[in-house]
Amino acid sequence: MKIVFFSAQPYDKVFFTKFNTHKAELLFLETMLNDQTVNLAEGAQAICVFVNDKVTAAVMAKLAGLKINILALRCAGFNNVDLEAAKLNGIRVCRVPAYSPEAVAEHAVTMLLTLNRKTHKAYNRVREQNFALQGLLGYNLHGKTVGVIGTGNIGTVFCKIMLGFGCKVLAFDLIGNKALEAIGVEYEPLITVLKADIISLHCPLNEQTKHLINPETLAMMKTGVVLINTSRGGLIDTTAVIAALKSQKISALGIDVYEQEEKLFFHDLSENIIQDDIIQRLMSFPNVLITAHQAFFTDEALAEIATTTLNNIQNLIENTKLSPQAALIA
Ligand code: NAD
């Protein structure tokens with residue numbers, strides 16, 4: 001079995017090689033998948049892609065032409081894959097539905113705590129022997145209202161952590177979770193959840209959720225709201241959020257994802273001139289924290305991603321049924 005990896009990073013090589021119990025031939029390519037690079041997969045039985053590989057209808061047709069009928073996502077989100085085209089071209093698609101919800105939820109909390117208690121500023125200040133506290137004032141999370149949009153695997157863990165901090169947790173989802181309600185999470189309509197002190201996004205990106213955070217929903221929020229997005233960049237209309245930061249409607253923004261991230265994230269661009277003026281504007285705010293899609297990046301999560309992805313591929317080759325969550329196109 002030969003598997004070709006697109007957008008492969010050094011850590012992908014380390015973890016997939018370590019957990020390659022099926023002794024598959026693994027070819028790691030740095031390049032992103034697109035209709036020009038897809039031919040590099042010739043001879044493979046499966047290809048493995050990540051969050052920013054655009055698996056379009058053209059790519060699906062070329063994969064079918066190469067007789068490759070397995071596409072494995074080494075992530076949970078699948079908004080970058082044209083599933084209709086996969087079906088039309090007879091390509092089976094699988095993903096890793098829940099490798100470590102704790103990794104992502106804990107990162108969302110990390111962003112919230114950093115923005116609140118300004119530990120990033122304190123670290124630099126103290127190293128310069130500046131022990132003054134002016135400008136570092138935070139607030140207690142205890143007693144604050146947290147709005148959680150999407151209470152699937154990650155949102156559930158996030159809700160539990162926030163309850164542990166002594167927050168009131170309001171949630172919005174298309175499907176409620178009785179177990180969460182039993183421990184104190186209150187499901188409310190979106191309009192109510194948007195009025196929370198802190199809002200964290202944990203729903204997938206799709207046609208319904210694209211630009212969920214837009215001028216209208218921002219207008220419904222409290223002045224001084226804190227917004228955290230570890231889900232997908234497209235959930236936020238970034239231009240509207242910049243306007244809300246300028247008017248101080250938003251008091252702090254933490255994002256691990258960005259709508260145009262594929263041109264930036266996962267690369268060292270420290271010697272380059274960044275052409276994206278929107279991210280440059282975002283980076284200029286003192287109350288904005290950006291991380292480059294690292295919420296998943298823990299030892300436990302990478303081990304689980306590698307193991308599940310390789311098992312998914314092996315099972316598809318052997319025609320063994322995958323779980324409905326893992327099999328996007330069986
Ligand atoms: P999940 O499928 O377990 O949960 C998603 C939840 O969102 C579900 O409960 C679903 O009912 C709900 N939902 C769907 N449409 C909605 C809508 N219109 N409004 C409100 N809720 C809606 O997914 P998950 O594992 O919790 O992951 C959530 C998202 O996190 C993924 O889609 C992915 O985009 C993102 N993610 C990011 C990272 C990262 O490293 N930053 C890592 C993994 C996942």
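Helices here are DSSP runs of H or I with at least four residues, numbered from the N terminus. With that in hand, hello everyone, and let's start with a helix. T156 sits in helix α6, which covers residues 153-164. One thing to say straight away: this is a predicted model.

So, is T156 buried or exposed? Buried means under 20% relative accessible area, and T156 counts as buried because its value is 14%. If we set aside residues up to four places away in sequence, T156 touches T151, N177 and L180.

There's a similar case in helix α4, residues 101-117, where we find T114. T114 counts as buried as well, at 13% relative accessibility. Beyond its neighbours within four places in sequence, T114 is in contact with T119, H120 and L289.

Now to the ligand. Which residues come closest to the ligand? The closest are Y99, N153, I154, D173 and T230, out of 23 residues that surround the ligand. By class, that shell divides into eleven nonpolar residues, nine polar and three charged.

Let me walk you through some of the polar pairs. At I154, a polar backbone atom is 2.8 Å from an oxygen atom of the ligand. At T230, a backbone N or O atom lies 2.9 Å from a ligand nitrogen. And at D256 the side chain takes part: one of its N or O atoms is 2.9 Å from a nitrogen atom of the ligand. As for cover, the ligand taken alone exposes 870 Å², and the protein buries 87% of that.

On to the packing inside the protein. The largest nonpolar core has 55 residues, and the members that touch the most others are I3, I47, M60, L63, L71 and V93. Which helix gives the most to this core? That would be α12, residues 299-317, with eight residues. If you'd like to click on one member, try L63: leaving out residues up to four places away in sequence, L63 touches V38, I47, I68, L71 and I91. There is also a second, separate core of 31 residues, and its members include I149, L264, I279 and V288.

Next, helix α10, which spans residues 238-246. Its buried residues are T238, A240, V241, I242, A244 and L245. In an α-helix, residues three or four places apart point the same way, because there are 3.6 residues a turn. Back on α10, what covers those buried residues? The cover includes helices α9 (215-220) and α11 (277-283), together with strands β10 (225-229), β11 (250-255) and β12 (288-290).

Just after α10 we meet a backbone detail: Q248 takes a positive phi of about 70°. Most residues other than glycine have a negative phi. Two more positive values are worth pointing out. K67, in the loop between α2 (57-65) and β4 (70-73), has a phi near 65°. K67 is exposed, with a relative accessible area of 72%. N319, in the loop between α12 and β13 (327-329), has a positive phi of about 60° although it is not a glycine. N319 is exposed too, at 64% relative accessible area.

Before I hand over, a couple of places where the chain comes back to itself. E25 lies in strand β2, residues 25-28. The E25 and V4 C-alpha atoms are separated by 8.5 Å, with the two residues 21 apart along the chain. Leaving aside neighbours within four places in sequence, E25 is in contact with M1, K2 and I3. How does E25 rank for exposure? E25 is partly exposed, because its relative accessible area is 49% and exposed would need over 50%.

The other place is H142, in the loop between α5 (119-127) and β6 (145-149). H142 and M162 are 20 residues apart along the chain, and their C-alpha atoms are separated by 8.8 Å. Outside its neighbours within four places in sequence, H142 is in contact with F165 and G166. H142 does count as exposed, since its relative accessible area is 58%.

That's my tour. Thanks for listening, and I'm happy to rotate the model to any of these spots.

Notes
Residues are numbered from 1 along each chain as its sequence is written. This is a predicted model: local features need pLDDT of at least 70, side-chain atom pairs count only at pLDDT 80 or more; totals for chains, interfaces and linings use all residues. Side-chain values use heavy atoms; hydrogens and water are left out. A residue is near a molecule or strand if one of its heavy atoms lies within 4 Å of it. A polar contact is a pair of N or O atoms within 3.5 Å; within protein, one must be able to donate a hydrogen and the other to accept it, and residues adjacent in sequence count only if both atoms are side-chain atoms. Accessible areas come from the Shrake-Rupley method with a 1.4 Å probe; for residues, only the protein chains shown count as cover. Ala, Val, Leu, Ile, Met, Phe, Trp, Tyr, Cys and Pro count as nonpolar, Asp, Glu, Lys and Arg as charged, and the others, Gly among them, as polar. A nonpolar core is a set of buried Ala, Val, Leu, Ile, Met, Phe, Trp, Tyr and Cys residues joined through side-chain atoms within 4.5 Å. Buried means under 20% relative accessible area, exposed over 50%, partly exposed in between (1.4 Å probe, protein chains only). Helices (H or I, at least four residues) and strands (E, at least two) are DSSP runs, numbered from the N terminus. Contact means heavy atoms within 4.5 Å.
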